[in-house]
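User: I am new to reading protein models, and I would like to understand how the labels attached to one are justified. Could you take me through the reasoning step by step?

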Amino acid sequence: MAYAQPFPLAAAASKPTQPTFAPDLSVRLICPECRDPNPNIVEEFGSGDLVCGTCGLVLGDRVVDTRSEWRTFANDEGDDPSRVGAASDPLMEGMEQLDTLISFKDGGTGLARELQRAASRSQNSRSERNLLTAFREITSWCESFSLPKTISDIAKQLFRRADEEKLLRGKPTEAVIAACIFIACRQAHVPRTFREICNMTHVSKKVLGQCYKALEQAFNLSPGATAAASQTASSGGPTTGPENLLVRYCNHLDLPPNVQSICSDIIVAARQHGIADGRSPVSIAGGAIFFTCHLLGKTKSVRDISSVAGVSEGTIKLVYRLYYAEKEKLVKQEWIDEGKASLDRLPFDSTK
């Protein structure tokens, strides 16, 4: 079953409500002895009294302590002995979140292990256990890849919807999780390439592509990272274009900020003139960085760019040759007039 609307990144903002006028019911508690307009009222939770901090007059009693309970009855106190539990997770809606965990310390009798097995079988169904395991893997992989929590939440929502609709029945769970993380990165405008996701999750590119295509069709998502470059500007959706990869690549190569901006303009100009059409975004980004570095005199070797972008040196040189053949169309005259760029710095042989 395909969804009518693309997967939303966040809920749409509600319309502003019309302000309503009502009497101010806020009440200020003032000590009758001090009559200070800004009183120093102290809540004594130990005795349950409300006391004026200036004169000591008791203003009220039986104060309810709304703070968390920092008391524990365990033998070994941990870092957080609060027994109030964690906050409810909206992604786990409809599932029991107040679980009872049985301690494994039983004096060596082995009864605790049997109780844990019985409790796990009785409390959670198989689908719920699989969902919890997938959520833990998504969190672990996103943290290891230094991805923000927003991407983790979007990937969990995608996985739960795919699990409810049985979209990828028979596919490995790791491949479904990898496809959800890939889509979540695109939806959050933090694009990652197929190769980076494959290296992180150890899923083959073929299986990842199959899962991604199935989710893309089911959720009516925008075209993927392998779509034509002409669709990136007209679709309006999050795409993995070469200019979106420049930020990370330039940071890893320790390049100044002006290299990234000029390189992005060169990629846009090349797309408008149809230069290097059909090449992957990663290849275009690597070749454009190599072209821009020589143009601005910030030379970086092909090997360094290849290791960062994850493409072969020959692919980077091929894109560079295509850019070099049309260099007059890509380089703006104002860059040359300001002394930022010079066409003489571009080597004719890309191996130099």
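Analyst: What follows is a set of questions about the labels used for this predicted model, each answered by setting a value against its cut-off.

User: What makes up the secondary structure, and how much of the protein is buried?

Analyst: The secondary structure consists of 14 helices and three strands. Of the 352 residues, 36% count as buried, a label that requires a relative accessible area under 20%. The accessible surface of the protein comes to about 21800 Å², and 50% of that surface belongs to carbon and sulfur atoms.

User: Why is C180 called buried, while C34 is called partly exposed?

Analyst: C180 has a relative accessible area of 0%, and because buried means under 20%, the label fits. C34 has a relative accessible area of 30%, which lies between the limits of 20% and 50%, so C34 is partly exposed.

User: How do you know that C34 is in no disulfide, with the sulfur of C55 as its nearest cysteine sulfur?

Analyst: The sulfur of C55 is 3.5 Å away from that of C34, whereas a disulfide needs two cysteine sulfur atoms within 2.5 Å, so the pair does not qualify. For C180 the nearest cysteine sulfur, which belongs to C211, is 8.6 Å away, and therefore C180 is in no disulfide either. A search of the whole structure finds zero disulfides.

User: Why is the pair R248 and E196 called a salt bridge?

Analyst: The closest N and O atoms of R248 and E196 are 2.8 Å apart, and because the cut-off is 4 Å, the pair counts as a salt bridge. Both R248 and E196 are buried. R248 lies in helix α8 and E196 in helix α5, so the bridge ties together parts that are 52 residues apart in sequence.

User: What makes R303 and E313 a salt bridge, and is each of the two residues buried or exposed?

Analyst: The N to O distance between the side chains of R303 and E313 is 3.9 Å, which is within 4 Å, so this pair also qualifies. R303 is in helix α11 and E313 in helix α12, 10 residues apart. At a relative accessible area of 62%, R303 is over the 50% limit and is therefore exposed, whereas E313, at 30%, is partly exposed. The structure holds eight salt bridges, among them the one between E328 and K327, with an N to O distance of 3.7 Å. In that pair E328 counts as exposed at 53% relative accessibility, while K327 counts as buried at 15%.

User: What makes a group of residues a nonpolar core, and which members of the largest one touch the most others?

Analyst: A group earns the name because its members are buried residues of nonpolar kinds, joined through side-chain atoms within 4.5 Å. The largest such core has 39 residues, of which I266, I289, F291 and Y323 touch the most other members. The elements that give two or more residues to this core are α8, α9, α10, α11 and α12, and the largest share, 10 residues, comes from α10. A second, separate core has 38 residues, including I151, A155, C185 and Y212.

User: Which residues is I289 in contact with, beyond its neighbours within four places in sequence?

Analyst: Leaving those neighbours aside, I289 is in contact with L246, Y249, C250, L253, L255, C263 and I305. In soluble globular proteins, nonpolar side chains tend to be buried together.

How values were computed:
Residues are numbered from 1 along each chain as its sequence is written. This is a predicted model: local features need pLDDT of at least 70, side-chain atom pairs count only at pLDDT 80 or more; totals for chains, interfaces and linings use all residues. Side-chain values use heavy atoms; hydrogens and water are left out. Buried means under 20% relative accessible area, exposed over 50%, partly exposed in between (1.4 Å probe, protein chains only). Helices (H or I, at least four residues) and strands (E, at least two) are DSSP runs, numbered from the N terminus. Contact means heavy atoms within 4.5 Å. Accessible areas come from the Shrake-Rupley method with a 1.4 Å probe; for residues, only the protein chains shown count as cover.
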